[in-house]
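Here is a quick tour of a protein–DNA model, written for someone who likes cut-offs spelled out. Have a look at the structure first, then read on.

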2 protein chains.
Amino acid sequence: MLQFGYHQLLQGCRECGKIKRCFANDLVGNPLDPVTPNLLHDLIQPKGRYIYYQGEDIKNLFFLKAGSVKNIYANNQGDQQIINFYFPGEVIGLAHLYHSYYLSSAITLEKSIVCAFSLPFIQANCEKFPNLLKNILEHFNAEILHCHESLLAINHGIASKRLGVFLLDLIHRQNLAHNRPILIRLTMSRADIANYLGLAPETVSRVLGKYEKSGLILANKKKIQINNLNKLTALVG
Amino acid sequence: MLQFGYHQLLQGCRECGKIKRCFANDLVGNPLDPVTPNLLHDLIQPKGRYIYYQGEDIKNLFFLKAGSVKNIYANNQGDQQIINFYFPGEVIGLAHLYHSYYLSSAITLEKSIVCAFSLPFIQANCEKFPNLLKNILEHFNAEILHCHESLLAINHGIASKRLGVFLLDLIHRQNLAHNRPILIRLTMSRADIANYLGLAPETVSRVLGKYEKSGLILANKKKIQINNLNKLTALVG
DNA sequence: CGTCCCTTTGATTTATGTCAAATTCGGTGG
DNA sequence: CCACCGAATTTGACATAAATCAAAGGGACG
C-alpha cells in the first residue's frame, strides 16, 4: 500500500486541476503525520472497478479527479437502482458519512483517478480546519439538492422531459455550457441512463431519436451534440 | 417578537419530548447571550402556514416539535413538487444551509409547533460544540438517504409499490411499528400524496382501495390501519 | 473476419393519466 | 343540533405514454 507523508501528497495535490473543490485544498498548513496512510493519492482505476461495495465497512471518502463513476443501490430482491453519476471534482461516499457501512456501491464507468481520504483523517481535520468542514457541507448540500431536482424531474416528467433534465444536469456539472457547440460525452450505457431515469432502455433510445429528428441534438453513439440549448431548457420547464 | 434569554429557552427545551434529536440538546453549558433572538421557542403555527417561502433569504433552521410539514418546490412554469414531508423530531430547512435563499417552501399540514435556530447561532455554536455539528450532519445524512430511497421507489415501482414505500416510510419515521394494530394518521391530502409520489390523486385512491380489498390495510379517510405489515413489506421489495 | 453485446426499431400490451360524475367530508351558520 | 355548501375523495369510462416482447442492425474486440 502507498505510504507518503502528507507534504508529498499535498505537493502533488497542488497540481491537481480539481484542487479548488478538493478537501486537500483545505489542509494547507496541516501538521504532517507520515505514519498512517490516511490520504491515498491518484489511485488509477480501470473501467468497471468497484470503488466500494454496498455493505462494506466505510473507511474512506473519495475525491474524483478524472473519469466518471456510477453509484448504485441494490435491494434485497436484487433490484438495482443507479442513484447518481459522479464527475471530476465531485466527492463520492458522502451519503454514508454517518453509517458504519456503505449503503450503495460505486463503480467506475471508464478509467478514472480517485483520491481516498480516511474517515478518521477527515473527522480529525474538520475540527482543526473550518474550511474543510465548510467544503464537506457544501458537497453534502449539493448532493441533497441534486436529489431533490431528480425527484422533481422524474416524478412529473414524461420520458422526454426526464432525459432533458438529465442532459442539462450533465452540461451543468461538467461545465460544458460555455462551449459551442456543446458536446457531451456519455460515459454510461443507455441501460444505465434508463435505470437512473426510471425508464426502459428502448425508451431512452426512442427519445434521443425524437430529439434528433426535431433538430434539438445530434446523437452519435456516446457523443451528443446540443444544437439548441434554449429549446432543450424550455422543454424541461 | 419573542425575547428570551437562552437559559429560559433551554429550560423549556429540557421538557420537550423531542429533545434528544434537537439541537438544543447539544448546547448544554452554552454561555448565554440574551440580547439576540437566535432561538425562537415553541412557535405555534396553524394549518397551512408557511414556515418559509421559496426565494426568501435563509435565516433559520427549524426543529419540528409537533405537527407535520410539507416541503414544496415550484419551478418557473409553476409546476409544484412536494419534496418531502416532515414529522416531529425532524429538522426543516437543512437542504438550504449553504445557499442564501430558500430553494423550496415549507408549509404546515396541521397545527404545528416549531423552534427556530438562526443560522449565525448554529454556525457559531458548531465550532464550540462538536455534538451539535454531529447532530446536524446526521440530520443531513438522513435527508440524503431518504432522497435516495424515494428515488429508488419512485423510479422502479408501479403505483402500488410506491404507495407501499410511502406508508412504510411513515411508519418508520413516526415510530409506529411497535403498536398493534399499526395506525397511521395521514395529515396530508390525497393530492399531496399523489404529487409526492408522482401519481394522479385518482391512482392513490384506487391503490388504497385495492390494498383494502386484499386485506392489507383498513382505510378510513385520514386514518390507515395496517393489518399485515409483513405482506406490505414484501410488496415493496 | 466473426462473435458478442449494445443499441435501435417495430408491434403489442398494460398501467396509469385524464376527463367526468357521483359521493362523502368538513366546516359554517342558523 | 342540523342543514347547507364547497372541497376533497372516490368511482367509472376512455385515452395514451411507455413497458414489454421480439428481432434486426451496428460497433468493439479478439
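## The helix pair between the chains

α3(A) and α3(B) run roughly parallel to each other, because their axes meet the criterion of an angle under 35 degrees. This is a predicted model, where local features need pLDDT of at least 70 and side-chain atom pairs count only at pLDDT 80 or more, while totals for chains, interfaces and linings use all residues. As for bookkeeping, residues are numbered from 1 along each chain as its sequence is written, chains are lettered from A and ligands numbered from 1 in the order written, and side-chain values use heavy atoms, with hydrogens and water left out.

Both α3 helices span residues 130–156, and their axes come within 10 Å and cross at roughly 25°. Axes here are lines fitted to C-alpha atoms, for helices over the stretch in contact, with angles from 0 to 180 degrees between N-to-C directions. Helices are DSSP runs (H or I, at least four residues) and strands are E runs of at least two, numbered from the N terminus. The crossing is left-handed, meaning that the near helix is turned anticlockwise from the far one by less than a right angle.

Contact means heavy atoms within 4.5 Å. On the chain A side, the residues that meet α3(B) include L133(A), F140(A), I144(A) and L151(A); among their partners in α3(B) are L137(B), C147(B) and I154(B). By class, this contact has 14 nonpolar, eight polar and two charged residues. For the classes, Ala, Val, Leu, Ile, Met, Phe, Trp, Tyr, Cys and Pro are nonpolar, Asp, Glu, Lys and Arg are charged, and the others, Gly among them, are polar.

## Around DNA strand C

Which residues sit closest to DNA strand C? Of the 16 that surround it, those are S205(A), R206(A), A159(B), T203(B) and R206(B). "Near" asks for a heavy atom within 4 Å. Of the strand C atoms within 4 Å of the protein, 60% belong to sugar or phosphate and the rest to bases.

Now for polar contacts (N or O pairs within 3.5 Å; within protein, one atom must be able to donate a hydrogen and the other to accept it, and residues adjacent in sequence count only if both atoms are side-chain atoms). R206(A) puts a polar side-chain atom 3.0 Å from a base nitrogen of strand C, and an N or O atom in the side chain of E202(B) is also 3.0 Å from a base nitrogen. G198(B) uses a backbone N or O atom, 3.4 Å from a phosphate oxygen. The surface near strand C divides into five nonpolar, four polar and seven charged residues.

## Around DNA strand D

DNA strand D has 16 residues around it, with I158(A), A159(A), T203(A), R206(A) and S205(B) nearest. Sugar and phosphate make up 64% of the strand D atoms that come within 4 Å of the protein.

R206(A) turns up here too, with a side-chain N or O atom 2.9 Å from a base oxygen. Phosphate oxygens of strand D lie 3.3 Å from a polar side-chain atom of K221(A) and 3.0 Å from one of R190(B).

## Backbone oddities

The peptide bond from R180(A) to P181(A) is cis, with omega near -10°, and P181(A) lies in the loop between α4 and β9 of chain A. In chain B, the bond from R180(B) to P181(B) is cis as well, with omega near -10°. N175(A), found in the loop between α4 and β9 of chain A, has a positive phi of about 55° although it is not a glycine.

How values were computed. Parallel < 35°, antiparallel > 145°, perpendicular 65-115°, else oblique.
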